[in-house]
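Colleague: Please take me through this model one question at a time, giving the cut-offs as we go.

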Amino acid sequence: MAKRKLVMIGSVVIILSVFLAGGYVVKEQIDQKAAQQEKIEKQTQQRKRQSEKAAMVKSESIQKQKAREKEATKPMPTVVADNALDQYFKQVNFSGTALIVKDNKIMLNKGYGTANEAAKKLNTPDTLYPIASTEKALIATGILQLNQQGKLKVTDPVAKYLPKFPNGQQIKLTDLLHHTSGIVGRNQDNQEKTSDQLLAEIIENGTKGQPGSWHYLDANYIVLVKILEKVSHQNYQDYLQNKIIKPSKMMHTGFMSAQYPQLANASIGYETKGGVKKAEMLPNFSQLYGVGICI
């Protein structure tokens with residue numbers, strides 16, 4: 001009788017031990033699940049905060065962009081703080097818009113002559129003008145920025161970026177900048193062409209001498225634009241907008257297109273032949289890639 005009791009007690013002890021051990025395992029699993037759940041909740045909250053922050057930054061960016069666009073479309077006032085300057089522009093029959101600043105003060109900001117004679121529309125401080133080859137200064141600025149950032153050197157040979165370029169080992173980027181490359185260039189026509197086609201024509205026409213002699217050619221800057229795009233890994237118009245135009249707060253500066261004449265503030269150029277003034281024909285802007293399509 002006593003022996004059986006001992007066995008039973010031993011069985012109870014064994015069963016109780018197993019039960020306790022199982023309880024610990026279950027508790028550990030519950031604790032692990034709770035920890036995982038807490039971790040997931042923290043990650044969810046963190047992602048939510050990041051999403052809210054990103055949305056706030058995006059909203060602020062959109063608001064700033066709208067403010068800039070609103071500012072850009074806001075009419076610029078006519079300012080005549082110096083009557084002598086105003087009279088001078090009238091006497092010389094100047095046609096265009098004059099903006100003169102002295103000691104950070106606007107002395108004159110006024111339009112003269114007509115922007116569109118057929119529509120009898122006068123020039124104003126808001127009138128848009130094709131700035132033609134002035135765009136080359138923006139391209140040169142972009143090249144110098146990349147030079148400053150160490151992404152290229154203006155003393156590099158053109159062949160470093162365009163291996164098939166004629167005499168590319170001798171012609172430096174500075175030669176293109178200074179119009180002393182010695183290349184033949186290309187003849188402009190009115191056909192639609194890609195920048196790759198323009199470059200191919202320049203390469204095919206080759207050179208007429210060693211670099212050193214000055215000869216003004218749009219082709220020099222077409223080559224520079226292709227190099228700028230290759231080094232910066234972006235379209236040159238995007239580069240100019242993001243790195244030069246926007247940082248300089250040139251709110252009314254953009255790029256020409258076939259729709260330019262339909263713009264509200266567009267001006268029309270005129271030329272006089274045989275005493276008759278006629279509106280100038282606009283060129284095909286694809287042939288002025290980076291060398292004259294800014295406004």
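Colleague: What percentage of the 295 residues of the protein count as buried?

Modeller: This is a predicted model, in which local features need pLDDT of at least 70 and side-chain atom pairs count only at pLDDT 80 or more, while totals for chains, interfaces and linings use all residues. Residues are numbered from 1 along each chain as its sequence is written, and side-chain values use heavy atoms, with hydrogens and water left out. A residue is called buried under 20% relative accessible area, exposed over 50% and partly exposed in between, with a 1.4 Å probe and protein chains only. Of the 295 residues, the share that counts as buried is 32%.

Colleague: How many helices and strands does the protein have?

Modeller: Both are DSSP runs numbered from the N terminus, with H or I over at least four residues for a helix and E over at least two for a strand. Read from the N terminus, the elements follow the order α-β-α-β-β-β-β-α-α-α-α-α-β-β. The totals are seven helices and seven strands.

Colleague: Which strands stand at the edges of the open sheet of S1, S3 and S2?

Modeller: Two strands pair if DSSP finds at least two bridges between them, and in this open sheet of three strands the order is S1-S3-S2, with antiparallel pairing. An edge strand has a single partner, so one side of it is left without a neighbour in the sheet. The edge strands are S1 (79–80) and S2 (96–102).

Colleague: Which residue of S3 is the bridge partner of valine 80?

Modeller: S1 and S3 run antiparallel and are joined by two bridges. Within S3, the partner of valine 80 is leucine 108.

Colleague: How many bridges pair S2 with S3?

Modeller: Across this pair, valine 101 stands opposite isoleucine 106, and leucine 99 stands opposite asparagine 109. S2 and S3 (residues 105–112) pair in the antiparallel sense, and the number of bridges is seven.

Colleague: How many of the eight residues of S3 are buried?

Modeller: S3 is largely enclosed by the rest of the structure, because most of this strand falls in the buried class. Of its eight residues, the number buried is six.

Colleague: Is asparagine 104 buried or exposed?

Modeller: The hairpin of S2 and S3 has two residues between the strands, and aspartate 103 there takes a positive phi near 50 degrees. Asparagine 104, in the loop between S2 and S3, has a phi near 65 degrees, a positive value in a residue other than glycine. With 83% relative accessibility, asparagine 104 counts as exposed.

Colleague: Which residue caps the N-terminal end of H2?

Modeller: H2 (residues 83–91) lies across S1, S2 and S3, at about 25 degrees to S3; axes are lines fitted to C-alpha atoms, for helices over the stretch in contact, and angles run from 0 to 180 degrees between N-to-C directions. A polar contact is a pair of N or O atoms within 3.5 Å; within protein, one must be able to donate a hydrogen and the other to accept it, and residues adjacent in sequence count only if both atoms are side-chain atoms. At the cap, a side-chain oxygen lies 3.0 Å from the backbone nitrogen of alanine 84, and the capping residue is aspartate 82.

Colleague: What is the relative accessibility of asparagine 93?

Modeller: Asparagine 93 lies in the loop between H2 and S2 and has a positive phi of about 55 degrees although it is not a glycine. Asparagine 93 counts as exposed, because its relative accessibility is 66%.

Colleague: What is the relative accessible area of asparagine 116?

Modeller: Asparagine 116 is found in strand S4 (residues 114–116), and a polar atom of its side chain lies 3.1 Å from the backbone nitrogen of alanine 118. A polar atom of this side chain also lies 3.0 Å from the backbone nitrogen of alanine 119. Leaving aside neighbours within four places in sequence, asparagine 116 is in contact (heavy atoms within 4.5 Å) with Lys121, Ile268 and Tyr270. Asparagine 116 is buried, with a relative accessible area of 17%.

Colleague: At what angle do H3 and H7 pack?

Modeller: The axes of H3 (residues 135–148) and H7 (residues 236–245) are 11 Å apart. Angles under 35 degrees count as roughly parallel, over 145 as roughly antiparallel, 65 to 115 as roughly perpendicular and the rest as oblique. H3 and H7 pack at an angle of about 75 degrees, which means that H3 is roughly perpendicular to H7. The angle asked for is about 75 degrees.
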